[in-house]
Amino acid sequence: MALLNEQLQGQLKEVFSEMKNDVTIAVFTQKGACYSCEETVSFMEEVEALSDKIHLEKLDIEADSERAKEYNVTMTPSIVLLDADKKYVGVKFNGIPAGHEINSFIPGLIEVSGAGEALPENYLEQLNALTKPVNIKVFVTLSCPHCPGAVQKAHKLALESDLVDAEMIEAQTFGEISDKFNVSSVPKIVVNDKYEFVGNQPLQVFLQEIAKTQN
Amino acid sequence: MELKFSADFGSSFKKEGAFDKSMLYDLLIIGSGPAGLNAALYAGRKGMKVGVVSGKPGGQVVDTASVENYLGVSFATGEALVEQFMNHVKTLKIPMLNDADVEAFEKKDDGTFELKLLGGDVLKAKALIIATGSKPRKLGIPGEDQYAGRGVAYCAICDGPLFEGRDVIVSGGGNSAVEAAVDLAKIAKSVTIIHRSQFRADQIVLDQLNAFNNVTVFLQTEIKEVIGEQLMTGVVVLDKETGETRTVKADGLFVEIGHIPNSQMAKETLKLDNHGEIEVNHLNETSIPGVFAAGDVTTVPYKQIIIAAGEGAKAALTANDYVNRLKR
Ligand SMILES: Cc1cc2nc3c(=O)[nH]c(=O)nc-3n(C[C@H](O)[C@H](O)[C@H](O)COP(=O)(O)OP(=O)(O)OC[C@H]3O[C@@H](n4cnc5c(N)ncnc54)[C@H](O)[C@@H]3O)c2cc1C
């Protein structure tokens with residue numbers, strides 16, 4: 001059964017017509033116990049079919065461990081978006097981006113294709129000043145309406161800086177890591193596993209927390 | 001886990017509706033909840049050059065599990081209702097700037113207004129409608145901030161799934177509190193409603209609550225403190241009838257005790273009442289000519305979707321008259 005109904009497919013085709021360059025979706029799964037791996041792959045297949053610019057690569061976290069390492073993939077299912085040169089740009093989704101998260105996943109594709117809007121100048125300056133790697137984890141639930149906003153911001157920062165890696169983590173799929181970071185409200189944002197805040201805060205707040213990692 | 005897609009990216013990519021940050025608008029509306037969206041609809045239909053600037057598209061309605069009291073709509077999820085609102089407004093191709101936080105506004109000598117956005121952008125308009133709504137009120141007790149995001153939560157539909165099979169408390173006695181309790185009762189092991197006075201919720205909502213057998217209610221009981229270690233483990237309550245203090249154990253506390261207006265940007269400039277609500281008259285005029293306000297952020301009583309929407313319409317019509325008068 002199709003996950004995306006006809007109406008949604010139509011909407012998506014229209015949105016994808018805005019894509020500039022090609023994007024590759026690299027989806028990592030695992031044999032055996034993997035919650036929602038199957039659904040995630042079907043979902044990605046359906047998305048791929050909606051645009052000539054979207055390409056799908058199905059990978060296995062063990063068989064393709066080199067690639068997994070390259071993109072810092074440690075959980076399954078995990079979706080990594082690669083740009084036209086098949087380069088990892090720091091945009092990752094752990095767990096199926098269904099429910100509300102379709103609203104971070106689809107814009108993610110558009111952004112990685114190069115069709116996104118530029119960030120205001122002073123944010124770019126702050127990003128350009130970074131010297132050390134930054135990892136941003138955004139914990140979400142699929143029923144959270146303002147989570148995609150936070151995921152989009154984190155991914156935008158990753159796109160604009162080679163030093164920033166940003167990942168959505170679906171809290172129910174990955175209970176263990178969510179418990180480790182005491183996730184009980186979403187979106188919860190954790191920077192370099194150390195600095196955290198809750199809520200879809202303005203970009204300035206993301207940048208403030210990021211700045212703390214640079215000392 | 002809900003796999004159903006809640007897509008909401010309809011126009012954000014379409015070029016035609018792109019938001020021009022440099023032009024002088026007839027009217028800029030701050031906020032895209034029911035008040036802001038209905039204002040946009042009315043202003044657009046009047047032919048005004050109108051734009052909408054907001055943080056979160058749809059406002060509080062998207063955080064609402066179900067809406068059953070909007071005329072003509074016997075049941076809709078909050079999101080579905082917002083989508084209908086949005087689709088209606090989009091027919092007029094009104095540009096919307098999302099994820100924008102307005103920090104302040106200023107009236108210039110030539111009578112136009114400048115909106116200052118977080119991040120540095122400045123937008124210009126002849127008139128403004130402030131429809132910034134409200135945000136959850138906090139309890140203001142020890143431990144609340146410390147355990148925020150560690151058990152203390154303010155959005156039941158967002159954080160509810162994280163409390164599957166656990167014990168949670170809902171604080172409050174109005175419709176939002178009881179509706180949150182109903183939603184949580186489906187997921188959590190137990191739900192305890194704690195409220196310092198009597199229920200204010202509608203009977204029809206209370207009837208839904210009574211259908212669950214994992215719900216306990218403590219009325220006339222005040223939460224005094226949130227306690228815990230790494231995560232919250234419970235709350236200390238005062239039973240107002242017996243005067244006794246005791247601990248109620250729980251993994252989560254959902255605070256649903258009403259709202260406070262998002263009026264920070266107007267604090268220095270507009271007349272507010274002592275709750276921080278923007279004072280408006282029956283024409284939605286504020287203390288500065290050319291600045292109008294509508295919805296939850298104003299002194300208009302009863303914070304409801306239909307009321308906010310109606311107020312938004314009114315504000316747009318008054319703003320239209322105002323801008324027309326400038327032309328003469
Ligand atoms: C859980 C819950 C359940 C509810 N259930 C119902 C119900 O069943 N029926 C009903 O009638 N009502 C219900 N309500 C109340 C109803 O949602 C509100 O009365 C209504 O949304 C108010 O509309 P508004 O447009 O005034 O403000 P809001 O909906 O609060 O929208 C405010 C808008 O302003 C934006 N904004 C705020 N500050 C800024 C800023 N500085 N810069 C830019 N943008 C800004 C926000 O991002 C948002 O877009 C419920 C509320 C909640 C929280």
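By the salt-bridge rule, the count over all chains of this predicted model comes to 26. One of these joins the side chains of A:E57 and A:R67, with 3.0 Å from N to O. A:E57 lies in strand 2 of chain A and A:R67 in helix 3 (residues 65–70) of chain A, so this pair ties together parts that are 10 residues apart in sequence. In general, side chains of opposite charge can pair when their charged atoms come close.

**The sheet of chain A**

Strand 2, which carries A:E57, also belongs to a sheet. Eight strands of chain A form this open sheet, in the order 2-1-3-4-6-5-7-8, and the pairing is mixed. Why do strand 2 and strand 8 of chain A each have one side without a neighbour in the sheet? Strand 2 (54–60) and strand 8 stand at the edges, and each has a single partner strand, so one side of each is left free of a neighbour there. On average, neighbouring strands of the sheet are turned by 20° against each other, direction ignored.

For strand 2 of chain A, strand 1 (residues 23–29) is joined to it by seven bridges, and the two run parallel. Within that pairing, A:F28 has A:L59 in strand 2 of chain A as its bridge partner. Helix 8 (residues 203–212) of chain A packs on the sheet, where it touches strand 5 (134–140), strand 7 (188–191) and strand 8 of chain A. The direction of helix 8 makes about 165° with that of strand 8 of chain A.

**Backbone details in the loops of chain A**

Most residues other than glycine have a negative phi, and most peptide bonds are trans. Three places in chain A can be set against that background.

The loop between helix 3 and strand 3 of chain A holds A:N72, a residue other than glycine whose phi is positive, near 60°. A:P77 is also found in the loop between helix 3 and strand 3 (78–82) of chain A, and the peptide bond that leads from A:T76 to A:P77 is cis, with omega near -5°. Another cis peptide bond runs from A:V186 to A:P187, with omega near -10°. A:P187 is found in the loop between helix 7 (175–180) and strand 7 of chain A.

**Strand pairs in chain B**

Chain B has an open sheet of three strands in the order 14-15-16, with antiparallel pairing. Strand 14 (221–228) and strand 16 (245–249) of chain B stand at the edges, each with a single partner strand, so each has one side without a neighbour in the sheet. The twist from one strand to the next averages 30°.

Two strand pairs of chain B are set out below.

| Strand pair in chain B | Bridges and sense | Residues that stand opposite |
|---|---|---|
| Strand 15 (residues 232–239) and strand 16 | five bridges, antiparallel | B:V237 and B:R246 |
| Strand 6 (residues 102–107) and strand 7 (residues 113–117) | five bridges, antiparallel | B:A104 and B:K116 |

Strand 6 and strand 7 of chain B form a hairpin with five residues between the strands, and in this hairpin B:G111 takes a positive phi near 90°. In general, strands of a sheet pair through backbone hydrogen bonds, either parallel or antiparallel.

**Where the chains meet**

How many residues of chain A are in contact with chain B? The contact involves 47 residues of chain A and 37 residues of chain B. Between them the two chains bury about 3,400 Å², with 59% of this on carbon and sulfur atoms. Of the area that chain A buries against chain B, A:Q172, A:N182 and A:S184 supply 17%, more than any other three residues.

Two salt bridges are counted between chain A and chain B. The side chains of B:D99 and A:K153 meet in a salt bridge, at 3.4 Å from N to O. Across the interface there are also 15 residue pairs in polar contact, both residues at pLDDT 80 or more.

On the side of chain A that touches chain B, the elements that give two or more residues are helix 1 (6–16), helix 2 (37–48), helix 4 (102–115), helix 5 (121–128) and strand 8 (195–198) of chain A. The residues on this side divide into 24 nonpolar, 15 polar and eight charged. Strand 8 of chain A thus appears in two settings: as an edge strand of the sheet and among the elements that face chain B.

Conventions:
Residues are numbered from 1 along each chain as its sequence is written. Chains are lettered from A and ligands numbered from 1 in the order in which they are written. This is a predicted model: local features need pLDDT of at least 70, side-chain atom pairs count only at pLDDT 80 or more; totals for chains, interfaces and linings use all residues. Side-chain values use heavy atoms; hydrogens and water are left out. Two strands pair if DSSP finds at least two bridges between them. Helices (H or I, at least four residues) and strands (E, at least two) are DSSP runs, numbered from the N terminus. Axes are lines fitted to C-alpha atoms, for helices over the stretch in contact, and angles run from 0 to 180 degrees between N-to-C directions. Contact means heavy atoms within 4.5 Å. Buried area is the accessible area (1.4 Å probe) that two parts lose on being put together, summed over both. A salt bridge is a side-chain nitrogen of Lys or Arg within 4 Å of a carboxyl oxygen of Asp or Glu. A polar contact is a pair of N or O atoms within 3.5 Å; within protein, one must be able to donate a hydrogen and the other to accept it, and residues adjacent in sequence count only if both atoms are side-chain atoms. Ala, Val, Leu, Ile, Met, Phe, Trp, Tyr, Cys and Pro count as nonpolar, Asp, Glu, Lys and Arg as charged, and the others, Gly among them, as polar.
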